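Here are my notes on this model, point by point. Please read them beside the coordinates.

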Amino acid sequence: MKVLVRAPAAQETTVKKREAEGFAGTILDHYAGHKRKLPWREDITPYRILVSEFMLQQTQVERVLVKFPLFLQRFPDFSALAGAALKDVLASWQGLGYNRRAVNLWKTAMSVVKEHRGQLPAGADELVRFPGIGFSTAGAIVAFAFDKPVVFIETNIRRVFIHFFFQDRTGVKDREILPLVEATLDRENPRQWYYALMDYGAMLGRSLPNPNRRSAHYARQAPFEGSDRQVRGGVIRALLGKGTLTKKTISSTLGVEAGRMARILSGLEKEGLIARNGNGYQLP
DNA sequence: CTCCTGAGGA
DNA sequence: TCCTCAGGAG
């Protein structure tokens, strides 16, 4: 395979020619020997790809591997998910984190059924209009579900390109990486190429200090203990177990001061994760 | 642009 | 402590 990589002329770090020529071979050689067998890479359908991509937003592959088959068994297709009650979707989502993603996935399924005749659109421009689908997820869906050549970046891809082409740089912006992704893209087999890139990136993450720390977009996660996120997760779990609870009961159960709890409940309600029911709150 | 959003395993 | 196949609000 011949691969051409051109770096912007004014770019401080120039692409080393030898690395550029060996890049695709290195990635594909690793893939040949270490390709990950993942359920969403078998029996590929737009629905299965969509569900996996939502789950994989900020959640590690190992945990998604446990939840994905259970979720697919419970909600096997767009119609089943769109017709489900949100509380049942949230129940199946427990353990994955970021419950808001479950709401977005559910809303996206309903939109696909009601406004797209049950067919997930195959274009990134259309996909980003669904809630919870941004640039990265749209690109991944186009590449993985439809095997179409599309240029996108997510954390593993970012890691690979920083490692190979920005060796001596910090503060690398995605704008700088994107042209390299486009130049190296295998337009005949984009799905396999992105699988290979991501598997290589996952390998790099385990064997090196994270190259993404040199990304301009790198942000360290705020501590979880004592955070609003922790309380929000507790609220959803409490309502899943008890049905309807008053604000006072929720506050005392979770040991959170009333004013703070009021603010958190207001946020959850605004995001559609909980609903008022008279004097209390419940899952929608 | 900054900040927020869960949970769990290494 | 570190990170996770990001998206969205402001």
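1. Terms for the sheet first. Two strands pair if DSSP finds at least two bridges between them. Helices (H or I, at least four residues) and strands (E, at least two) are DSSP runs, numbered from the N terminus. By that rule β1 is joined to β3 (residues 280-282) by two bridges, and the two run antiparallel. L245 sits opposite Y281 in β3.

2. The sheet is open and has three strands, in the order β1-β3-β2, with antiparallel pairing. Its edges are β1 (245-246) and β2 (275-277); each has a single partner strand, so one side of each lacks a neighbour in the sheet.

3. Ground rules. This is a predicted model: local features need pLDDT of at least 70, side-chain atom pairs count only at pLDDT 80 or more, and totals for chains, interfaces and linings use all residues. Residues are numbered from 1 along each chain as its sequence is written, chains are lettered from A and ligands numbered from 1 in the order in which they are written, and side-chain values use heavy atoms, with hydrogens and water left out.

4. DNA strand B. The protein puts 18 residues around DNA strand B, and T59, L96, Y98, R232 and R237 come nearest. A residue is near a molecule or strand if one of its heavy atoms lies within 4 Å of it. Of the strand B atoms within 4 Å of the protein, 59% belong to sugar or phosphate, and the rest to bases. The residues of this surface divide into three nonpolar, nine polar and six charged. The classes are these: Ala, Val, Leu, Ile, Met, Phe, Trp, Tyr, Cys and Pro are nonpolar, Asp, Glu, Lys and Arg are charged, and the others, Gly among them, are polar.

5. Base contacts on strand B. A polar contact is a pair of N or O atoms within 3.5 Å; within protein, one must be able to donate a hydrogen and the other to accept it, and residues adjacent in sequence count only if both atoms are side-chain atoms. The side chain of Q60 has an N or O atom 3.2 Å from a base nitrogen of DNA strand B. For L96 a backbone N or O atom does the job, at 2.9 Å from a base nitrogen of DNA strand B. Q221 places a polar side-chain atom 3.1 Å from a base oxygen of DNA strand B. The elements that give two or more residues to the surface near DNA strand B are α6 (99-115) and α12 (228-242). The largest share, five residues, comes from α12.

6. DNA strand C. Here 32 residues surround the strand, and the closest are V61, T137, M198, R213 and Y218. Of the strand C atoms within 4 Å of the protein, 69% belong to sugar or phosphate. By class, the surface has ten nonpolar, twelve polar and ten charged residues.

7. Which atoms of DNA strand C do the side chains of Q60, R100 and T137 approach? Q60 has a side-chain N or O atom 3.1 Å from a base oxygen of DNA strand C. R100 has a polar side-chain atom 2.9 Å from a base nitrogen of DNA strand C. T137 has a polar side-chain atom 2.4 Å from a phosphate oxygen of DNA strand C. The elements that give two or more residues to the surface near DNA strand C are α2, α3, α8 and α9 (155-165).

8. Helix α2. It is mostly covered: nine of its eleven residues are buried. Buried means under 20% relative accessible area, exposed over 50%, partly exposed in between (1.4 Å probe, protein chains only). The cover includes α3 (61-74), α4 (78-82), α5 (86-93), α6 and α8 (135-146). Just after α2, Q58 takes a positive phi of about 70°.

9. M55 lies in helix α2. M55 counts as buried because its relative accessibility is 0%. Not counting residues up to four places away in sequence, M55 touches V64, K67, F68, F71, W93, L96 and R101. Contact means heavy atoms within 4.5 Å.

10. R41 sits in the loop between α1 (17-34) and α2 (46-56). R41 counts as buried because its relative accessibility is 12%. A polar atom of the R41 side chain lies 3.3 Å from the backbone oxygen of R36.
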